[in-house]
Every structure is written in structure tokens, then in C-alpha cells.
Amino acid sequence: MADKHLDTILEESRRFSPPEQFTKDAHISSFAEYQKMYKKSIEDPQGFWDSVAKELHWYKKWDRVLDESGAPFYKWFVNGKTNITENCLDRHLNTATRNKAAIIWEGEPGEERVLTYWDLWYEVNKFAHALSRLGIKKGDRVAIYLPMIPELAVAMLACARVGAVHSVIFAGFSAESIRDRVLDSQARLVITADGGWRRGKVLPLKGIVDDGVKECDCVTDVIVIKRSPGEPFPCHFQEGRDHWYHDLMDVAFVPHQPEQVDSDDMLFLLYTSGTTGKPKGIIHTTGGYMVYTYHTTKHVFDLKAKDVYWCTADVGWVTGHSYIVYGPLANGATCVMYEGAPNTPDEGRFWKIVERYGVTVFYTAPTAIRAFMKWGDEWPKKYDLGSLRLLGTVGEPINPEAWMWYHEKIGNSRCPIVDTWWQTETGGILITPLPGATTTKPGSATFPYFGIDAAVLDGDSKETNAGLLAIRRPWPGMLHGIYGDPERYKATYWSKWDGMYFPGDGAKKDKDGYFWILGRVDDVVNVAGHRIGTAELESVFVEHKDVVESAVIGVAHDIKGQGLVAFVTLAGSVEGTPELQKELFQWVAKKIGKFALPEKIIFSADLPKTRSGKIMRRLLRDIAEGRALGNVTTLADASVVEELKNKYEEE
Ligand code: PRX
């Protein structure tokens with residue numbers, strides 16, 4: 001993938017300047033202005049972020065902007081006291097934003113709901129009160145497993161209001177993944193729904209939670225939101241532990257005063273895959289994350305009062321946290337939220353939503369764009385997309401061909417595109433064009449955001465044209481550790497170079513200073529914009545009674561960017577039947593979730609290894625992508641790889 005991508009981008013010579021119409025009203029309206037502000041933010045980052053933070057509400061001002069003494073456990077806005085919901089909700093109530101739509105929601109079956117800022121404030125206050133009555137208090141961890149319904153935002157904000165730490169688990173994860181995350185965070189409460197719609201079917205979320213928390217003694221309460229009016233979807237209710245959301249809300253009071261939390265208090269945990277079998281609970285705290293998501297949302301999406309902003313991500317991933325919930329609400333924006341699949345009931349659904357609500361800013365993933373391309377131009381053509389003024393992408397490198405299609409067919413060749421590079425760990429966007437200022441090149445995330453000292457380095461921390469992406473100093477949105485594992489935090493992110501952050505991505509910087517992100521350089525595969533650790537999947541396979549060894553690799557995939565291929569060695573006499581193959585697919589769905597399913601499972605009597613026993617994944621990738629085999633001289637047994645190659649080609 002990376003090689004192919006590198007070849008294409010090296011040949012890319014197209015340039016797109018911000019259209020005059022856009023530049024005229026943009027918050028940042030020329031490249032010179034960006035450069036001036038960027039210079040200031042790098043020369044005096046503390047002064048820069050100090051003045052941004054002053055735009056927000058604090059109960060007590062910070063003593064210092066940044067404390068580096070405990071590096072890499074940096075502290076931002078030291079001793080400042082705030083509550084993010086004060087900034088996302090209360091702050092807007094005395095302004096014209098009070099009666100403006102905060103969330104315009106559409107369910108997959110077609111229902112519509114609009115919550116104004118006041119409505120959202122009211123719901124969040126009531127739910128915060130209900131949480132307090134259940135005894136949820138500052139620092140408690142709360143797991144949230146919900147479909148894309150407004151109550152997902154309400155639940156997150158209510159946790160934040162009482163100072164509890166939310167841990168949202170994407171509703172595509174399996175019961176066992178819920179269990180692992182709940183146990184790791186020792187969550188007391190789980191918030192779920194009776195069900196949610198996806199591709200015309202109801203996902204039985206409550207049932208999955210019931211299975212997931214069976215072994216979790218830490219869970220004392222489960223709150224269940226009824227997804228639709230009328231009878232709930234069938235689900236089991238455990239007396240004493242389970243509560244209906246609407247019953248709790250019926251007896252809750254407003255206002256519920258926000259907890260005054262410290263800048264450095266945890267806001268949320270979000271689990272993400274790494275290079276070991278165990279997902280990491282990424283810690284985000286309050287002050288820095290709030291300031292950074294507020295500022296990036298405003299400038300990257302050039303948000304104005306009249307915008308109708310739609311980020312199509314699921315709130316279960318970080319994009320939804322930062323750019324559906326916290327960033328847009330802190331800016332008083334109107335956000336569209338859609339529950340279901342882009343091709344239900346047909347492939348025009350997204351464009352129908354854009355037309356229906358007059359979406360002006362649209363933010364999606366390259367994998368979705370490639371699916372739209374495959375479905376055909378006739379779908380967007382059926383709808384009036386004239387309201388759009390800005391497009392964005394996130395989650396994986398975008399191939400120039402998909403970028404051009406997005407530009408022409410969705411943006412009608414007049415909307416700038418912001419290709420935003422960032423990660424769960426970074427909290428917000430770090431490398432991105434600014435739509436009124438940056439001339440874009442298809443496939444490049446262009447330049448670092450304010451205060452971001454990005455570089456492409458070699459292993460010795462020397463700058464190079466093609467190498468590893470590095471962030472050379474802390475930034476406000478940064479993670480504050482891995483839950484329960486400070487050593488892993490230091491080793492994963494801060495040990496490659498002295499005092500610099502290592503994101504795990506390869507990158508190239510061209511002669512004009514543009515950054516081109518090439519993809520992961522570790523054993524993390526980006527499948528349709530979702531991070532999956534190959535080690536995580538391998539350990540799932542070997543947990544199966546019939547499997548003794550497995551190697552999982554990422555391969556290029558037309559729509560998903562990357563897909564997974566699993567090579568599996570079975571125990572002694574076990575035969576690799578199609579039934580067993582099916583069982584192993586189901587096993588992965590059960591252990592992680594369907595989104596982590598490999599494209600192929602190949603049974604192999606042995607795996608290519610070096611003489612010291614290390615699996616040579618490079619050769620497996622060559623086989624899977626149909627290339628001539630690379631250097632095989634270090635193999636312990638060269639026949640293994642030949643056999644495997646023949647078998648793969650047969651299949
Ligand atoms: O490899 C990079 C890729 O996605 C990874 C982060 O994944 P995750 O934590 O799940 O967050 C995704 C949403 C922010 C990165 O290490 N990635 C993200 N955005 C881009 C990207 N790769 C290239 N270009 C991007 N714009």
C-alpha cells in the first residue's frame with residue numbers, strides 16, 4: 001500500500017488554490033496570514049494558547065499554560081478549573097445560539113429530531129442529575145455503548161458535567177471487547193440502548209452488553225435508552241441493576257451545576273489498537289483537549305454561525321468525540337448526526353441528507369469516498385449539493401484519484417478539501433490545510449496546524465525527505481497517558497527520539513514543504529479508517545482451540561484502503577475445512593467485531609520464519625499482493641514460502 005501510494009503521490013503535480021469566493025470570508029484568508037500566525041505559535045506557543053484559552057469559560061484561570069517538568073506527562077493550563085459542558089452548552093444560552101439547532105438528527109428509518117442548544121442543555125442537565133442520583137461522581141468511569149442517536153452526545157456530556165470519565169465503545173464491538181474495556185477501566189456504569197438501526201436491521205445492543213458485563217463485577221448499574229417511541233425492542237432487564245433512561249429522566253431536575261474540574265482531570269478514555277494484543281485506553285484530560293478541539297474546529301472547518309456541519313464518523317471513534325461532539329458544540333455549531341449506513345435504503349442516502357438539511361461543511365473518510373465512486377456518479381447527481389462550501393477527509397491517506405472525484409463530483413470543483421491528519425492520541429487535527437489559506441495538492445495533508453512542530457525524521461532524529469513523522473513538542477490536545485500503563489505510554493510514543501512524539505506513521509516532505517502521510521510503519525493496519533493491531537487479531541486466532549499459530553498482515557484494498565489477510569496454522573491432525581474457515585471468521589466477529597474480519601483466512605502447514613524463529617511478514621505481504629518474493633536467504637526453510645505462494649494463488 002505504502003509503496004503504491006508513494007509512487008502515485010510522487011507524480012502528483014496538480015494544485016488547487018482556495019477559491020476567491022471562499023477566501024473572502026474565511027477566518028484565515030491567506031497563506032501569509034497562516035504563516036504569520038504559525039510562526040507566532042511556534043515562537044511563543046504558551047502565549048498563543050493562552051490567548052485561545054481566554055476565549056473559553058473557566059471558573060479559575062490557569063497558573064501556567066504548560067508544565068513540562070514531568071515530561072512526557074505534560075500538563076496544560078495548570079490548575080485551571082473548568083467544565084467542558086459549560087463551554088459546549090451554558091456559554092451559548094445568553095446568546096443568539098440558545099435557540100439554534102445544536103443537533104439535527106436523522107434515524108436510519110427516517111425519523112428526524114432537532115435539539116436546540118437549550119434542549120441539549122436541558123437534557124444534559126437532567127441526565128447529569130440522574131447520574132448523580134445513581135452515585136456517579138467525579139473520576140468514576142462510565143462505559144457507553146450506543147447507536148448514533150442524540151442521547152449518545154447527551155450521555156457523554158452528562159458524564160463530563162458530573163466529572164465522570166466516559167469510555168465510549170463503538171457499537172460494532174463484540175461482547176468480549178466490551179468486557180475487556182469495562183474491566184480495564186473498571187467502569188461502574190454502562191449506558192446502552194435497547195437497539196439501534198444499521199442496514200435495515202436492529203442491532204440488539206442491550207443483549208450484547210448483558211453478555212459483555214457478565215464477568216464484570218465492577219458494573220453496578222446499566223442504563224438503557226429506548227431507541228424509539230412505543231414498545232422497546234425485546235431485551236432482558238435485570239432488576240436492581242438495569243434502569244430505563246426515560247424513568248430516570250422523568251424524576252430528574254434542572255439545572256444541575258457542572259462539577260468544577262481541574263484542567264488535568266480525565267475527560268474520557270478511548271481504547272485503540274496498538275502493536276500488542278491488548279488495546280490501549282488512551283487518556284484525554286479536560287483543559288488542553290477542550291482548547292485544542294475548539295480552536296481546530298473553528299479554523300480547519302472555517303465554521304461560521306450559519307454553517308450546517310456534518311461529520312459522518314461514528315461517535316464511537318475519536319473523530320466523533322472531537323468533531324461531532326466537543327469541538328463543534330464548543331463553537332456553537334449546528335451538527336447533523338445520522339444513525340445508519342450510507343447505502344440504506346439506497347446509495348443516495350448521504351446526498352439526500354446534504355440536500356435536506358442544507359449541509360455546508362461535510363467531513364468524511366477516504367474509504368467512504370471510494371465506496372461512493374464505486375456506486376457511481378448518478379447518486380450524487382440526483383440531489384442538489386449546492387449548499388456545500390467545504391469538504392474534509394480523515395482516517396487514512398487519500399489517493400489522488402479519490403480526492404479528485406470528491407472535488408469534482410461532490411464539491412462541484414468549487415469547494416476546498418481539507419485532508420486532516422491526526423490520531424486518537426493527538427485529540428485533534430495536527431496536519432491540515434486551512435481552507436481559505438492553503439493551496440492543496442491531492443493526497444497531501446499539507447502543513448502543520450498552529451503550535452504543531454511536525455517533521456519527517458530518520459531514526460537518528462535528523463530531518464529527511466522520506467522517513468518517520470515526528471511531533472517535536474507537546475500540544476494542548478495531546479493524550480495524557482495510557483490508562484493503567486504509564487510505562488507503555490513512554491515506550492510507545494516517547495522513546496524513538498529524545499523528547500519527541502512518535503505517531504507510528506511514515507511520511508514524506510516535498511520540496512515545497514508539504515507533508516504526505518504514507519501510512520503506519522508499525523504492525524497496525526488501517527482498515528476502512530479503523531485501526532486494527534495485527535497482534536491483536538493473531539492472539540484472537542491462537543485462542544481458538546484448533547489454531548497453533550497465526551500471522552496477520554495488511555494488504556492493499558480498493559475500497560477499504562487496507563484489508564487483512566490471516567495465515568493460520570492448525571493443530572496436529574485438524575483439517576483445514578471450509579467449515580472451520582467459516583468458524584474462524586465467526587470467532588473473530590465474536591472476539592472483536594465484524595469490522596475486524598479479514599478478507600481471507602489461509603490455512604498453512606507452516607509459516608515462513610527466519611532461523612531465529614521470527615515470522616517474515618514481508619514475504620507474506622509479497623505473496624498476498626502477488627509480487628515476486630523479496631530476499632529469501634534468511635529463511636529457515638525456503639520450501640514453506642513456495643508452498644504457501646502456490647496455495648494462495650490456487651485459492
Ligand atoms: O495512520 C494514520 C491514519 O490513521 C491513524 C490514526 O487512526 P485513529 O487513531 O483511529 O484516528 C483516526 C481518525 C483521526 C494515523 O496514525 N490517518 C488519519 N488521518 C489521516 C491518516 N493517514 C493519512 N492521512 C490522513 N489524513
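**Salt bridges around Asp-512 and Arg-179**

Lys-441 is buried, with a relative accessible area of 2%, in what is a predicted model. A search of the whole structure finds 51 salt bridges, and the points below take up several of them, first those of Asp-512 and then those around Arg-179.

**Asp-512 and its partners**

- Asp-512 and Lys-441 form a salt bridge in which the closest N and O atoms are 2.7 Å apart.
- Because Asp-512 lies in the loop between E23 and E24, while Lys-441 lies in the loop between strand E20 (417–420) and strand E21 (454–457), this pair ties together parts that are 71 residues apart in sequence.
- Asp-512 also meets the side chain of Arg-15 in a salt bridge, with an N to O distance of 3.9 Å.
- That second pair links distant parts of the chain, 497 residues apart, with Arg-15 in the loop between helix H1 (2–10) and helix H2 (20–25) and Asp-512 in the loop between strand E23 (505–509) and strand E24 (515–520).
- Arg-15 counts as partly exposed, at 38% relative accessibility, and Asp-512 likewise counts as partly exposed, at 38%.

**Arg-179 and its network**

- The side chains of Arg-179 and Glu-215 meet in a salt bridge at 3.8 Å, N to O.
- Arg-179 belongs to helix H8 (residues 175–185) and Glu-215 to the loop between helix H9 (205–213) and strand E11 (221–225), so the pair ties together parts that are 36 residues apart in sequence.
- Glu-215 is exposed, its relative accessible area being 54%.
- Both residues belong to a network of salt bridges that links Glu-176, Arg-179, Asp-180, Glu-215, Glu-543, Lys-590 and Lys-591.

Terms used
Residues are numbered from 1 along each chain as its sequence is written. This is a predicted model: local features need pLDDT of at least 70, side-chain atom pairs count only at pLDDT 80 or more; totals for chains, interfaces and linings use all residues. Side-chain values use heavy atoms; hydrogens and water are left out. A salt bridge is a side-chain nitrogen of Lys or Arg within 4 Å of a carboxyl oxygen of Asp or Glu. Helices (H or I, at least four residues) and strands (E, at least two) are DSSP runs, numbered from the N terminus. Buried means under 20% relative accessible area, exposed over 50%, partly exposed in between (1.4 Å probe, protein chains only).
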